[in-house]
Amino acid sequence: MEASGPATDRNDSFHILCALAGLVVALLAVGVVSHLVVRHIIQVIPAAIAAIFVAKGGRAGRYAALPIFVSWLLIMLAIWLFLLGIARIVSGTFTPAEIALTVVIGVCSLWGVVVVLRQPRAPLLLAIIYFVGFAALQFLGLRISLLPAFVRR
């Protein structure tokens, strides 16, 4: 049986915050490399807000980070499948730096998912509210970043 308590919760929160920070830094680096900084700033806003909820403590706040991690892991998977010639879910050209950053984003996302899912569960209704709310926020951030005003920024 795994230990649970305030020290474990703080340790898990630290790992989730580190995974979110790695995700944000790597996404912003993609923005710099691709010359689309504004678009990537918009895309990381949900992760930054989730980090605030995680830092405040409480198990339910971690479910704010879960859809962020899942979203970016799925996006990276789509990119990797495209790069390997397996599926055309996404398209485009990717520089070696961008490809390396997809690995960092994927690793941070997977790390975050594992830490959130291995922790003791939060109250179900609260976890669902956080998860659904932040999934919607992440979708909105991605959608806004793809508007014509931000396509080349």
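This report walks through some side-chain contacts, helices and surface features of a predicted model.

## The aromatic cluster

Let's start with the rings. The model has three aromatic pairs. In one of them, Phe-53 meets Tyr-130 edge-to-face, because the ring centres sit 5.5 Å apart and the planes are at 80°. Phe-53 belongs to helix H2 and Tyr-130 to helix H5 (residues 124-145), so this contact ties together parts that are 77 residues apart in sequence.

Phe-53 also pairs with Phe-134, again edge-to-face, at 5.3 Å centre to centre and with 80° between the planes. Here too the partners come from helix H2 and helix H5, so the pair joins parts that are 81 residues apart in sequence. Put together, ring pairs make a cluster of Phe-53, Tyr-130 and Phe-134. As for cover, Phe-53 is partly exposed at 30% relative accessibility, while Phe-134 is buried at 8%.

## The salt bridge

How many salt bridges does the model have? The count is one. It runs between Arg-118 and Asp-12, with the closest N and O atoms 2.8 Å apart. Arg-118 sits in helix H4 (residues 96-118) and Asp-12 in helix H1, so the bridge links parts that are 106 residues apart in sequence.

The two partners have different surroundings: Asp-12 is buried, with a relative accessible area of 1%, whereas Arg-118 is partly exposed at 38%.

## The cysteines

If you're wondering about disulfides, the count is zero. Why is there no bond between Cys-18 and Cys-108? The closest cysteine sulfur to that of Cys-18 is the one in Cys-108, and it is 9.2 Å away, which is too far for a bond. A disulfide needs the two sulfur atoms within 2.5 Å. Looking from the other side, Cys-108 has its closest cysteine sulfur in Cys-18, at that 9.2 Å distance.

Are these cysteines buried or exposed? Cys-108 is buried, with a relative accessible area of 9%. Cys-18 counts as partly exposed, at 26% relative accessibility.

## From the H1-H2 loop to a nonpolar patch

His-35 is worth a look in the loop between helix H1 (6-34) and H2. Its phi is positive, near 60°, and it isn't a glycine. His-35 is also exposed, at 65% relative accessibility.

On the surface, Val-32, Val-37, Ile-41 and Ile-45 make a nonpolar patch of about 320 Å². Which element gives the largest share? That is helix H2 (residues 37-55), with three residues. Val-37 is placed in helix H2 and is partly exposed, with a relative accessible area of 35%. As background on helix geometry, an α-helix has 3.6 residues a turn, so residues three or four places apart point the same way.

## Helix H3 and what follows

Helix H3 (residues 62-83) gives a quick check on helix length. At 1.5 Å a residue, its 22 residues should span 32 Å, and the end C-alpha atoms are indeed 32 Å apart, so the expected and modelled spans agree. After H3 comes Gly-85, which has a positive phi, near 75°.

Conventions:
Residues numbered from 1 in each chain as written. Predicted model: local features only at pLDDT ≥ 70, side-chain atom pairs only at ≥ 80, totals over all residues. Heavy atoms only, no water. Buried < 20%, exposed > 50% of the residue type's maximum accessible area, 1.4 Å probe, protein only. Patch = residues over 30% accessible without salt bridge, like charges linked within 9 Å, V, L, I, M, F, W, Y side chains within 5 Å. Areas by Shrake-Rupley, 256 points an atom, 1.4 Å probe, with all protein chains shown as cover. Salt bridge = Lys/Arg side-chain N within 4 Å of Asp/Glu carboxyl O. Helix = DSSP H or I, 4+ residues; strand = E, 2+ residues; numbered from the N terminus. Expected span 1.5 Å × (residues − 1). Phe/Tyr/Trp six-rings, centres within 6.5 Å; stacked < 30°, edge-to-face > 60°.
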